[in-house]
Amino acid sequence: MNLQILDCTLRDGGYYNNWDFNESIVKKYLSAMSNSKVDIVEIGFRFMPESKYLGPFAFSKDDFLNTLPLPDGVSISVMVNASELIDYPKGIQSAVNLLFTDKKNSPVDIVRIATHFKELEQCKEIAKNLNKLGYRVFLNIMQITLLDSKTISEMSSDVRKWDLIEVLYFADSLGNMESESVSMIVDSISKEWVNEIGIHTHDNKNQALSNTIKAIESGVSFVDATILGMGRGAGNARMEDLLVEMVSKGYDKYNPDPIFPLVINDFSRLKNEYNWGPNIYYNLSAMYGIHPTYI
């Protein structure tokens, strides 16, 4: 299997610092990504323009990305929220054209569309317009644990018929997946989906890494992680742990060593400041399928 590891620290971790990362940390991070042989770096979101201040990784504009020491040999990804583009008053095509130029003029290789099931059909137009501009397009289905096996298979069949999506991702948005549910979801997708499958895990129950490994064993070939698990809520699978596990399983192209200084120094300080990671409230949220702020 051609495993592809995607690091989304600057995108998912940005929920804690408004996507405003220190320039020195960014440079060290990008160097570590290159030297560790991570395949894809999701550099941030590409939100629609907002009046309130957010850091540059909330928008990941091409002009800004061109100022960064983006590593050779690493694909660059950004994520868009389907709801923002769908709700744009001038329509989806205008929204895509507002955010993206032709791929040949952009350092971005991949656009991931994050969507809820209810928005799925409208994602077809988003993907179509991004394909026309020359981008690789991945679709990220959020809160997939709310769907049953039949619905997941039917959804996968629908997306396959679009012939627009390279990788179909599923996200453990509520952090309540067990290994059995990972296997069920992969099996349900695989019944109708013929391309690559990806997973994005959350660590509410301290199972983000084990669920990621289970997904790989079940046939998933694209997996997400972040430095020290930095990410929304309870955070994500830890990149440093994932790379160690992958090397132990024979994926010897990867090298976790360049990431350790980043973890020990820069991101440990960030964790002390923002305090992400599993706790009893996130565990309860996973058990009951609700956001911890509602407990």
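N140 counts as buried because its relative accessibility is 3%, where buried means under 20% relative accessible area, exposed over 50% and partly exposed in between, with a 1.4 Å probe and protein chains only. This residue sits in strand β5; strands here are DSSP runs of E with at least two residues, helices are runs of H or I with at least four, and both are numbered from the N terminus. Leaving aside residues up to four places away in sequence, N140 touches M79, I113, A114, T115, Y169, F170 and A171, a contact being heavy atoms within 4.5 Å.

Before going further, a word on what you are looking at: this is a predicted model, in which local features need pLDDT of at least 70 and side-chain atom pairs count only at pLDDT 80 or more, while totals for chains, interfaces and linings use all residues. Residues are numbered from 1 along each chain as its sequence is written, and side-chain values use heavy atoms, with hydrogens and water left out.

One of the partners of N140 is F170, so let us move there next. F170 belongs to strand β6, residues 167-171, and it counts as buried because its relative accessibility is 0%. Its contacts, again without residues up to four places away in sequence, are N140, I141, I144, M177, I185, V186, I189, I197, G198, I199, H200 and V220. Take I199 from that list: it is 29 residues from F170 along the chain, yet their C-alpha atoms are separated by 5.1 Å.

M33 is another buried residue, with a relative accessible area of 0%, and you will find it in helix α3. Setting aside residues up to four places away in sequence, M33 touches D7, V38, V41, I227 and I259. L54 gives a useful sense of distance: it is 21 residues from M33 in sequence, and the two lie 24 Å apart in space, C-alpha to C-alpha.

What about Y274, buried or partly exposed? Y274 is partly exposed, because its relative accessible area is 25%. It is found in helix α12, which covers residues 260-274. Beyond residues up to four places away in sequence, Y274 touches Y16 and N17. The C-alpha atoms of Y274 and L68 are 25 Å apart, with their positions 206 residues apart along the chain.

Now for some backbone geometry. Most residues other than glycine have a negative phi. N18 has a positive phi, near 55°; this residue is in the loop between α2 (14-17) and α3 (23-36), and it counts as partly exposed because its relative accessibility is 40%. Q143 also has a positive phi, near 50°. You will find Q143 in the loop between β5 (136-141) and α8 (149-162), partly exposed at 27% relative accessibility.

Next, the spaces in the model. On a 1 Å grid over the protein atoms alone, a cavity is a set of points where a 1.4 Å probe fits but cannot get out, whereas a pocket is an open set with protein on both sides within 12 Å along at least five of seven lines; lining residues have an atom within 4 Å of a point. Grid points are joined across faces, edges and corners, and a volume is the space filled by probe spheres set on the points.

The second largest pocket has a volume of about 170 Å³. It is lined by R46, F47, P49, F59, K61, D62, D63, L98 and L99, with α4 (62-65) and α6 (92-99) each supplying at least two of the lining residues. By class, this lining has five nonpolar, no polar and four charged residues. In this scheme Ala, Val, Leu, Ile, Met, Phe, Trp, Tyr, Cys and Pro are nonpolar, Asp, Glu, Lys and Arg are charged, and the others, Gly among them, are polar.

The count of cavities of 30 Å³ or more comes to one, and the largest cavity has a volume of about 30 Å³. Its lining includes D203, R238, K271 and W276, and divides into four nonpolar, four polar and three charged residues.

Finally, step back to the whole chain. It has 13 helices and eight strands, and 54% of its 295 residues count as buried. Along its principal axes, the C-alpha trace spans about 45 × 45 × 40 Å. Among contacts with a separation of 6 or more, 77% join residues 24 or more positions apart.
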